[in-house]
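Biologist: I would like to learn how to read a model of this kind, beginning with whatever surrounds the bound molecule. Could you take me through it step by step?

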Amino acid sequence: MSTPTRACADTTQRRRSRALLLALLLVIPGGVGAATPVAPTVDLSGLPALGNEWREENPYRGNAHAIAVGRALYAQVCARCHGAESLEPGPAANLRLVGMYCQRLKDPQLAARCTRDADHYFLTTVLEGKIRLGVEHMPPWAGVLSQEAIWALRSFVEAQRSVKR
Ligand code: HEC
């Protein structure tokens, strides 16, 4: 019976899949070793200071200055993976969409809770990065970006929802 041949074929197959997986991980931007996050050089001094306690909700929503600062930050540190201006498709998720569905909720209290939840998800994702099964899809930004910077980024991507293209 053909068991030995099959076993051999299986091994070759497995070796091939492993090589393919490795090649994919090396090629996909944001794959293994998504690179050490580099601190942006954007002046945050005009943003209202938030202190040491982390907010659960975006305190800058709709603030024009925060949106402008967020735009500059985004271009420096997020655009290469998430797409220019959060409008162009990038290799990673479109950040304009995070929590966008909350707008569709008719109950205002529920909509507010939904937005708070999305804000919290945004904040913790940025701080912790995206690391699953030992693969770093996105580096953690804790210690690199302040909460002022993260909420400015959140304000910017949200504001980009209304951009028609
Ligand atoms: C090296 C590439 C890379 C960089 C730089 C990067 N990200 Fe990401 N990010 C990713 C990838 C890839 C994912 C999707 C991970 C997954 O598979 O779940 C992601 C996911 C996210 C998510 C969750 C999106 C969702 O729909 O669930 C948020 C929020 C996020 N990134 C914010 C940011 C912000 C803000 C910046 C800039 C400070 C940033 N990222 C920089 C690669 C990157």
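**Reading the ligand shell and the core**

Modeller: The residues of the shell around the ligand divide into 15 nonpolar, 4 polar and 3 charged, where Ala, Val, Leu, Ile, Met, Phe, Trp, Tyr, Cys and Pro count as nonpolar, Asp, Glu, Lys and Arg as charged, and the others, Gly among them, as polar. Please keep in mind that this is a predicted model, in which local features need pLDDT of at least 70 and side-chain atom pairs count only at pLDDT 80 or more, while totals for chains, interfaces and linings use all residues. Residues are numbered from 1 along each chain as its sequence is written, and side-chain values use heavy atoms, with hydrogens and water left out.

Biologist: How many residues surround the ligand, and which are the closest?

Modeller: A residue is near a molecule if one of its heavy atoms lies within 4 Å of it; here 22 residues surround the ligand, and C78, C81, H82, Y121 and M138 are the closest.

Biologist: Which polar side-chain atom lies 2.8 Å from a nitrogen atom of the ligand?

Modeller: A polar contact is a pair of N or O atoms within 3.5 Å; within protein, one must be able to donate a hydrogen and the other to accept it, and residues adjacent in sequence count only if both atoms are side-chain atoms. The atom you ask about belongs to H82, at 2.8 Å from a ligand nitrogen, whereas the side chain of Y121 places an N or O atom 2.5 Å from an oxygen atom of the ligand, and the side chain of R132 does so at 2.9 Å. The elements that give two or more residues to this shell are α3 (79–82), α4, β1 (130–132) and β2 (135–138), and α4 gives the most, with 4 residues. Helices (H or I, at least four residues) and strands (E, at least two) are DSSP runs, numbered from the N terminus.

Biologist: In what order do the elements of the chain run?

Modeller: From the N terminus on, the order is α-α-α-α-β-β-α, which comes to 5 helices and 2 strands.

Biologist: Which residues touch the most other members in the largest nonpolar core?

Modeller: In soluble globular proteins, nonpolar side chains tend to be buried together. A nonpolar core is a set of buried Ala, Val, Leu, Ile, Met, Phe, Trp, Tyr and Cys residues joined through side-chain atoms within 4.5 Å, and buried means under 20% relative accessible area, exposed over 50%, partly exposed in between (1.4 Å probe, protein chains only). The largest core here has 28 residues, of which L73, Y74, F122, V126, L145, I150 and L153 touch the most other members. Two or more residues come from each of α2 (64–77), α4 (108–128) and α5 (147–159), and α5 gives the largest share, 7 residues. Beyond its neighbours within four places in sequence, L73 is in contact (heavy atoms within 4.5 Å) with P40, V42, L44, C78, A149, A152 and L153.

Biologist: Why does E158 count as buried?

Modeller: E158, in helix α5, counts as buried because its relative accessible area is 13%. Its side chain joins that of R61 through a polar contact of 3.1 Å, and, leaving aside neighbours within four places in sequence, E158 is in contact with N58 and R61.

Biologist: Is R161 buried or exposed?

Modeller: R161, in the segment after α5, counts as buried because its relative accessibility is 15%. The side chain of R161 reaches the backbone oxygen of R96 at 2.8 Å.
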